[in-house]
Amino acid sequence: MTYPFIPIGLIAVFVVVVLYLLIIKKDMKKVKSILYPGLFFIGVWIVIYYFLLT
């Protein structure tokens with residue numbers, strides 16, 4: 001059952017995309033538009049894992 005690992009993979013992809021936009025594209029406007037939804041996604045999964053594992 002690999003469902004718990006899906007958010008971890010998506011977080012890794014999110015970090016790679018943010019780093020790509022910062023280092024290669026140097027597009028801060030695009031980074032700001034995806035940063036908050038991405039952090040919200042990570043926060044939701046942290047809460048879900050907290051309640052699943054406690």
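User: Which residues do ring pairs link into a cluster?
Analyst: This is a predicted model, with local features needing pLDDT of at least 70, side-chain atom pairs counting only at pLDDT 80 or more, and totals for chains, interfaces and linings using all residues. Residues are numbered from 1 along each chain as its sequence is written, and side-chain values use heavy atoms, leaving out hydrogens and water. Rings of Phe, Tyr and Trp (its six-membered ring) pair if their centres lie within 6.5 Å; planes under 30 degrees apart are stacked, over 60 edge-to-face, the rest tilted. On that basis, the cluster is Phe41, Trp45 and Tyr49.

User: What kind of aromatic pair do Phe41 and Trp45 form?
Analyst: Both sit in helix 2, four residues apart, about one turn of the helix (helices, H or I, at least four residues, and strands, E, at least two, are DSSP runs numbered from the N terminus). Their centres are 6.4 Å apart with 70° between the planes. That makes the pair edge-to-face.

User: And how are the rings of Trp45 and Tyr49 arranged: stacked, edge-to-face or tilted?
Analyst: Helix 2 holds these two as well, four residues apart. The ring centres lie 5.8 Å apart and the planes meet at 45°, so the pair is tilted.

User: Which helix gives the most to the largest nonpolar core?
Analyst: A nonpolar core is a set of buried (under 20% relative accessible area; exposed is over 50%, partly exposed in between; 1.4 Å probe, protein chains only) Ala, Val, Leu, Ile, Met, Phe, Trp, Tyr and Cys residues joined through side-chain atoms within 4.5 Å. Here the largest one has five residues: Phe14, Val18, Leu21, Val31 and Ile42. Helix 1 (6-25) and helix 2 (28-53) each give two or more. The top contributor, with three residues, is helix 1.
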